[in-house]
Amino acid sequence: MADTTQLSVAVIGGGPGGYAAAFLAADLGLKVTLIDPEINPGGVCLYRGCIPSKALLHVAKLIDESRHASNWGIEYADPKIDLPRLRSWKEGVVKKLTGGLGILSKQRKVEYIQGKAAFENSNTLHITRSNGTENSQTFDRIIIATGSRPSIIPSLKLETPRMMDSTSALDLSEVPGTLLVIGGGYIGLELGTVYAALGCKVSVVEMLSGLLPGADRDLVLPLHKRLEKGFDSILLNTTVAAVKEEPNGIRVTFDGPEVKEREKVFDKVLVSVGRKPNSEIPGLDKTQVKIGPRGFIQVNKQLQTDDPAIYAIGDVVGEPMLAHKASHEGRTAAEAIAGHKVAFEPNAIPAVVFTDPEIAWCGLTETLAQKDNREIKVAKFPWAASGRALTIDRTEGMTKLIIDPQTERVLGVGIVGAGAGELIAEGVLAIEMGALAKDVALTIHPHPTLSETVMNSAEVFFGTATDIYRPKRP
Ligand SMILES: Cc1cc2nc3c(=O)[nH]c(=O)nc-3n(C[C@H](O)[C@H](O)[C@H](O)COP(=O)(O)OP(=O)(O)OC[C@H]3O[C@@H](n4cnc5c(N)ncnc54)[C@H](O)[C@@H]3O)c2cc1C
């Protein structure tokens, strides 16, 4: 292996992709500089994405549970919400995590620069520090980890605090009386869930025929049913034609075949219609980096761009735009630069929607199999037959395995139900290990747990599930 210990590496962007790359590169003995505008590493995920949203969703779940407790003979008074304390708790979580990353960065002797980077050429960055000083620095390798930002629809752009994106929605400046969420993707539904739990009347509008486009419909159905109760309305096959600010709110004009009320006024509107890669880095045109039609930087399996000195990872290189994909790519890029023989070629990247119920899937989905005309067998286990689901009063869930009929290999796993996001890891491991349905069926799972439903769905495939009456093989 060539001696790489003398190499200097700059990482642009301190999100889960960038800091993972920087920290591992330092651990591998490289000289690392990490550049990000925030005071500490963390990126979108820690400052205005995964972490603050999950902190608030935890509180939303608690409020929701307290409301359901009357089913179990426990009556709680309506919750009193102290918004400044809730905000400061959420901010405290973010501060602890990002502060911890700052310490880890120092311990590894990563040079952390609070500022922004632009390219002068393939090896030289122009760095503008947050304190106003500027300089140029040359590196042997540069990793671009600049992430993504919320997409904006020009016709829905109004300069008013009543129009929010995910970042301002997470700031939680107030709980409006009514909120329209434009976009039925995971970010809109998660934030809608938070606001609904805090007492806001939430409506969602989605231009396609179902929520969470891309996810299997049988996984979405239990969530849709529950959201119908928790949200004021869910408008499908509907677009927002116009938004206009008025003294008492935003007047929204809807368009679509199922529209009953063409115009409605909302206190606030959250636009959550996807994310765009941050690939417009100043000076990138002075390198050989190529950008694809959707704005993603093109990379090979080592995450190397068309410019041999430059690597790129995370949201800026493509879907799925998820933190765990970014950090694994970051690790691969660091190892590739250090001269290791590595490639980023996962068989399964899990996706989790942290609503209530949660939805999680990995590997092949039924939707994709149908699109590709691929023959599959699907084995489903309903949570109504799970003892654990009954004890927590959440029997609407379902676990399914997508199986290759010839080899009986597990190709995909889909779960809807409380805690699905924790359960899906077993599916990812099964797929990565090339597990057969038999392996899953023969793996003894602890009782009573929801994890049993993964084993039970494999038993359904063989017609040997004893907790339901369906003895025939599907
Ligand atoms: C509300 C919300 C909830 C989410 N929830 C989840 C979740 O539950 N699970 C999950 O897996 N994903 C979630 N995501 C997505 C996740 O946040 C991203 O996939 C992840 O942060 C991408 O990591 P990254 O390292 O590619 O970049 P980012 O985290 O986007 O970080 C990029 C960093 O680069 C900096 N930067 C940009 N340009 C420059 C420059 N020129 N110089 C220096 N620095 C620059 C940016 O300021 C930023 O700090 C969520 C996103 C949002 C918005």
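Okay, one bit of bookkeeping before we start: here Ala, Val, Leu, Ile, Met, Phe, Trp, Tyr, Cys and Pro count as nonpolar, Asp, Glu, Lys and Arg as charged, and the others, Gly among them, as polar. Also, please keep in mind that this is a predicted model.

With that sorting in hand, let's go to the ligand. How do the residues of the shell around the ligand divide? We get 16 nonpolar, 15 polar and six charged. That shell has 37 residues, and the closest ones are Gly17, Asp36, Lys54, Asp315 and Ala323.

Now the polar contacts. Asp315 puts a polar side-chain atom 2.9 Å from an oxygen of the ligand. Tyr186 has a polar side-chain atom too, and that one sits 3.1 Å from a ligand nitrogen. With Leu322 we're talking backbone: a polar backbone atom there is 3.2 Å from a ligand oxygen. As for cover, on its own the ligand has 1,000 Å² of accessible area, and the protein covers 95% of that.

So who builds the shell? The elements giving two or more residues are helix 1, strand 2, helix 2 (43-48), helix 3 (50-68), strand 3 (111-119), helix 6 (186-197) and helix 8 (323-337). Helix 2 gives the largest share, with four residues.

Two of those names, helix 1 and strand 2, bring us to a sheet. This one is open, with seven strands in the order 5-4-3-2-1-6-17 and mixed pairing. At its edges you'll find strand 5 (134-138) and strand 17 (310-312), each paired on one side only. Ignoring direction, neighbouring strands are turned by 35 degrees against each other on average.

Zoom in on strand 1, residues 8-12, and strand 2, residues 31-36: they run parallel, joined by five bridges. If you want a landmark, Ser8 stands opposite Lys31 in strand 2. Helix 1, residues 16-27, packs on this sheet and touches strand 1, strand 2 and strand 6 (141-144). The direction of helix 1 makes about 165 degrees with that of strand 2.

Moving along the chain, there's another open sheet, of five strands, in the order 18-19-22-21-20 with antiparallel pairing. Why is one side of strand 18 (351-353) and of strand 20 (377-382) left without a neighbour in the sheet? Because they stand at the edges, each with a single partner strand. The twist here averages 10 degrees from one strand to the next.

Inside that sheet, strand 19 (358-363) and strand 22 (410-417) pair antiparallel over six bridges. The landmark there is Glu358, which stands opposite Gly417 in strand 22.

That's my tour, thanks!

Conventions. Residues numbered from 1 in each chain as written. Predicted model: local features only at pLDDT ≥ 70, side-chain atom pairs only at ≥ 80, totals over all residues. Heavy atoms only, no water. Pairing = 2+ DSSP bridges. Axes fitted to C-alpha atoms, helices over the stretch in contact; angles between N-to-C directions. Contact = heavy atoms within 4.5 Å. Near = heavy atom within 4 Å. Polar contact = N/O pair within 3.5 Å; in protein donor to acceptor, adjacent residues only side chain to side chain. Areas by Shrake-Rupley, 256 points an atom, 1.4 Å probe, with all protein chains shown as cover.
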